[in-house]
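Please open the model in a viewer and keep the sequence panel at hand. The tour proceeds by selection, one stop at a time.

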Amino acid sequence: MGSARDNILGRLRANRPHAVPAPAVYTKPLGWDRERCIAEFMTRMHAVRGEVHRVARDDWTAWLSRELPPRGMLRGLIGRGAVAEQFAAAAADEFTLTRYDHAIDDWKDVLFRDIDFSVTGTLAGLAESGSLVLWPSQDEPRLMSLVPPLHIALLDAGRLFENFAALLAAEEWSARMPTNALLVSGPSKTADIEQTLAYGIHGPKALIVLILD
Amino acid sequence: MPAPQQVYFFATCLIDLLYPAAGLAGMQLLRREGVEVIFPADQTCCGQPAFNSGYRDEALEVARAQLRCFPRDIPVVVPSGSCGGMIRQHWPELFAGQPDEPTALAVAARTYELTEFLVDVLQISLRDLGEPLKVAIHTSCSARREMGVADRIESLVSQLDKVEVMTQQRKAECCGFGGTFAVKQADVSGAMVQDKTDALRATAAQCVISQDCGCLMNIGGAFEKQGGGPQTRHVAEFLWERTAGDAP
Amino acid sequence: MNQTQAFHRRIDAALHDDQLRRNFRSALTGIQAKRETQFPDDRQLQALREQARMVRANALVKQPELLEQLEARLTGNGIQVHWAETPQQANTIIGDILRAAGARSVVKGKSMVSEETELNHYLEQLGVEVIESDLGEFIIQLAQEPPSHIVAPAIHKNRREVAELFHRFYPDIPYTEDIDQLTQSARLILREKFAAADAGISGVNFAVAETGTLCLVENEGNGRLSTTAPRLHIAITGVEKVVEKLSDVPPLLEILTKSATGQPITTYFNMISRPRQPGELDGPEAVHLVLLDNGRSRIRVDEELLDTLRCIRCGTCINYCPVYVQLGGHAYGTVYPGPIGIALEPQRIGIDKVGTLTSACTMCGACGEVCPVKIPLPKLINRLRAEAVNEQRTTTPLLGRGSLRKPGEATIWKLWQQLYAHPRLYRLFTLAATRLRWLTPRKLGGWTRYRSAPRPAPRSLRELAIREGFGHG
């Protein structure tokens with residue numbers, strides 16, 4: 001009587017179904033150019049209460065400085081790296097910025113309670129499903145895009161792919177996967193009560209995407 | 001395929017005993033189009049009742065007794081999506097590995113549901129001689145999903161210019177017959193036929209037509225038990241009546 | 001009481017619960033409509049189903065190699081892999097991991113496999129606090145009920161029932177039936193739990209062998225929170241969930257979300273390949289995967305029944321089942337209800353325990369028509385009916401083969417065969433039935449509870465055919 005592993009694998013090996021053809025790699029080319037991708041992305045995001053704005057590449061910090069204080073969004077979370085430095089340098093004085101620069105374990109309650117918004121970059125966007133692609137990192141840890149009630153994501157307009165299949169075909173993810181890769185397609189929601197959509201459950205209540213041209 | 005000169009007619013056990021008028025109308029429709037209809041004397045049943053109950057050996061013996069009734073390479077026309085589906089979809093499964101498998105497959109390959117045959121092969125043209133009427137069409141699950149012929153009954157009825165087709169809610173949902181299901185799960189079946197009859201009543205249709213007498217027995221029987229409701233007709237009978245049968 | 005009687009008792013209760021049936025009808029009508037908006041082009045839908053079928057079929061053929069590759073990649077990534085043949089083994093493994101880590105509180109994402117093992121009950125007996133964090137699971141945890149649907153566990157509850165539950169357990173929160181307010185209450189209640197939990201437990205939607213990646217699909221964010229905030233993450237899944245390549249994921253993800261909830265994509269798609277790496281500031285320091293067999297390797301023996309294991313747990317078959325909509329999930333009495341439940345559970349648990357479920361099906365085919373991975377559900381259910389009454393037919397290692405065979409029923413079918421396989425006997429029978437039609441009983445058990453009794457015609461079609469001049473050939 002071997003280990004569970006041996007028993008399970010042994011049974012599986014002992015009964016081999018007939019071979020089947022391997023599936024072709026799934027592709028779904030849509031023929032969308034950059035402007036179409038942006039338009040489709042915005043439509044999908046709006047449909048799930050995501051907020052999207054096209055902003056000139058150097059204007060995003062000014063945009064946030066203008067838009068967030070009137071909404072009562074003053075306590076921000078930034079990580080490290082280019083996005084964080086830009087925001088720290090140019091952000092309005094009303095903001096109180098916390099840097100995510102040491103391990104979460106001794107300040108979790110601050111993150112969960114005392115932060116209104118976070119600002120992160122993104123790896124790419126997917127037009128067909130209205131999705132952001134994030135690879136959280138040492139500079140922009142995983143909880144940044146999850147815990148604060150408002151998540152602000154910067155998306156480079158040139159990094160919009162038609163869909164996930166197109167992205168995987170273009171970029172070699174299988175060579176090395178990050179600790180965590182994410183597709184984020186709007187603010188959090190649920191339909192568990194009477195199949196009725198309600199927004200803002202466990203993940204961020206609001207998502208603002210700034211598409212940088 | 002060009003219109004054949006002869007076809008076999010497979011009665012189905014349900015029509016033979018309970019709804020022969022529907023079967024006769026089917027045969028008459030075919031004959032009126034110039035096809036010689038042969039009714040093999042020894043036919044009985046496709047085997048489905050036993051097959052769906054898990055008694056495959058018994059189903060096989062009955063199914064194989066049908067093979068010698070349809071020896072010639074001419075179409076077998078069946079006035080039922082359910083029995084047609086049994087022959088075309090499930091006989092290959094039932095006869096797999098059997099010595100008479102090739103014969104069974106050959107019969108299955110030339111089996112047609114009646115409306116399928118009327119539309120696809122005979123390209124029948126119908127002249128409506130009846131009075132204005134509102135009908136609802138119940139497409140049986142087997143006609144829809146096993147034989148893919150739900151659109152043929154719609155196409156035939158649409159040729160009748162004084163017939164208005166009403167569309168019931170949840171048209172594609174099962175009526176709850178399911179053969180022995182109606183007996184083994186009588187109360188669930190009752191709940192399902194109640195929903196179906198409610199939906200049909202709500203259309204104000206005067207008559208409910210179908211390709212399958214099993215469904216009609218279920219739906220029509222429920223209307224009767226409820227104290228009344230639309231008439232029910234097998235599509236063959238309905239078409240024969242609307243086009244005034246043999247009348248000149 | 002045997003399994004059939006028990007089943008009928010549960011069915012009876014369900015059919016008499018008008019509120020339940022209204023809730024289900026309303027919910028499933030909406031879900032069906034949403035799915036249909038996602039598939040406007042039938043040709044594209046069929047092509048996507050075929051792609052998904054091939055991906056899953058390929059993975060099942062290569063299953064042992066892929067599991068070994070998955071284990072090697074995960075281990076190389078720093079994720080610990082455990083194997084469990086039975087629910088007891090799986091629970092013990094998870095209990096031991098929690099104890100070794102000193103974990104006393106767990107937040108849980110949705111996992112049907114954990115329902116199979118009754119993990120929550122086991123952990124609670126060990127003194128571990130388990131909080132279901134998916135809103136639907138949270139609701140039924142309060143109600144102390146099992147899920148009634150594999151994707152929408154609280155689908156059987158309406159807002160008033162949810163409001164009453166919340167008010168009973170959280171009396172400080174003012175009573176409300178407003179769904180947005182109830183949702184906000186759940187957010188606040190659970191937020192504390194996410195922050196404080198020692199461990200998170202989740203299921204897995206797809207496990208990618210090529211890269212050693214666990215993929216999770218969700219809308220709420222509780223899955224990400226459960227697998228990121230605590231220091232320990234334990235995932236549990238069935239051994240059939242492995243897929244070969246990363247490139248297999250897009251078609252499965254697309255058809256899963258569009259079929260299950262009528263969404264182009266869920267809010268979050270979470271791909272986990274490693275625990276917290278040196279230099280990273282959050283995420284669990286320890287990640288474990290428990291691979292559960294629980295009958296799956298036995299199912300794989302039979303090439304026809306193997307198709308059952310393609311299932312991606314989308315629930316679409318359940319959403320389209322005309323029987324399920326009348327009964328709801330609890331009536332089935334098994335972890336998995338509806339068409340997939342009827343096909344899977346007798347194989348997983350035994351025909352002698354739950355084979356009677358196969359009677360809850362009209363063979364309408366709606367399930368097979370919508371299944372994203374083209375499982376021929378009606379064919380499998382019919383096969384199980386045959387195995388239930390005849391243990392001689394095949395040598396498949398199905399538990400409880402032949403256990404539903406009843407001498408009375410078997411004799412009836414033997415008689416039926418004699419009658420219908422012998423034309424002369426059949427003609428005698430129809431002669432008698434037509435001439436003595438006035439003897440047909442008006443009451444025919446279950447049939448006549450809901451319908452009038454059918455009656456033989458005065459003449460059989462065979463006789464009419466002769467009379468009308470149709471030849472015998």
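Select helices α7 and α9 of chain B: Thr115(B), Glu116(B), Leu118(B) and Val119(B) in α7(B) meet Arg152(B), Ile153(B), Ser155(B) and Leu156(B) in α9(B). By class, this contact comprises four nonpolar, two polar and two charged residues. The model is a predicted one. To view the helices whole, extend the selection to residues 114–121 for α7 and 150–158 for α9; their axes come within 9 Å and cross at roughly 65°. The crossing of α7(B) and α9(B) is left-handed.

**The two domains of chain B**

Next, colour residues 6–121 of chain B as domain 1 and residues 133–242 as domain 2. The centres of these two domains, taken over C-alpha atoms, are separated by 22 Å. Domain 1 of chain B brings 28 residues to the contact, and domain 2 of chain B brings 23 residues. On the domain 1 side, highlight α1 (13–17), α2 (20–32), α3, α5 (81–94) and α7 of chain B, the elements that each give two or more residues to the side touching domain 2. That side of domain 1 divides into 13 nonpolar, twelve polar and three charged residues.

**Chain B as a whole**

Now display chain B in full. Its secondary structure comes to 13 helices and eight strands. Along the principal axes, the C-alpha atoms of chain B fill a box of roughly 50 × 50 × 25 Å. The radius of gyration of chain B is 18 Å, which agrees with the value near 18 Å that a compact globule of 248 residues would have. Buried residues account for 61% of the 248 residues in chain B. Among contacts in chain B between residues at least 6 apart in sequence, 77% join residues at least 24 apart.

**Where chain B touches chain C**

Show chain C alongside chain B and select the residues in contact: 54 residues come from chain B and 52 residues from chain C. On the chain B side, helix α11 (residues 186–201) gives the most, with seven residues. This side of chain B has 31 nonpolar, eleven polar and twelve charged residues.

For a single residue to centre on, take Ser53(B), which is in helix α3 (residues 48–53) of chain B. Is Ser53(B) buried or exposed? Ser53(B) counts as buried because 24 C-beta neighbours lie inside 10 Å. Setting aside residues up to four places away in sequence, Ser53(B) touches Thr180(B), Arg385(C) and Trp413(C). For a distance across chain B, select Ser53(B) and Phe238(B): they are 185 residues apart in sequence, and their C-alpha atoms are 32 Å apart in space.

**Chain pairs**

Bring chain A into view as well. Two pairs of chains are in contact, and of these, chains A and C share the most contacts. Chain A and chain B are joined by no contact, and their closest C-alpha atoms lie 18 Å apart.

**A stop in chain C**

Finally, centre on Cys321(C), in the loop between α14 (316–320) and α15 (324–327) of chain C. Cys321(C) counts as buried, because 28 C-beta neighbours lie inside 10 Å. Which residues is Cys321(C) in contact with, leaving aside its neighbours within four places in sequence? They are Gly338(C), Pro339(C), Ala366(C) and Cys367(C). One of these, Pro339(C), is 18 residues from Cys321(C) along the chain, with a C-alpha separation of 7.0 Å.

Conventions:
Residues numbered from 1 in each chain as written. Chains lettered and ligands numbered in written order. Predicted model: local features only at pLDDT ≥ 70, side-chain atom pairs only at ≥ 80, totals over all residues. Contact = placed C-beta atoms within 7 Å. Helix = DSSP H or I, 4+ residues; strand = E, 2+ residues; numbered from the N terminus. Rg over C-alpha atoms; globule rule 2.2 N^0.38 Å. Buried ≥ 20, exposed ≤ 12 C-beta atoms within 10 Å, placed from the backbone. Nonpolar A, V, L, I, M, F, W, Y, C, P; charged D, E, K, R; others polar. Axes fitted to C-alpha atoms, helices over the stretch in contact; angles between N-to-C directions. Left-handed = near helix turned anticlockwise from the far one by under 90°. Domains from an automatic or database assignment.
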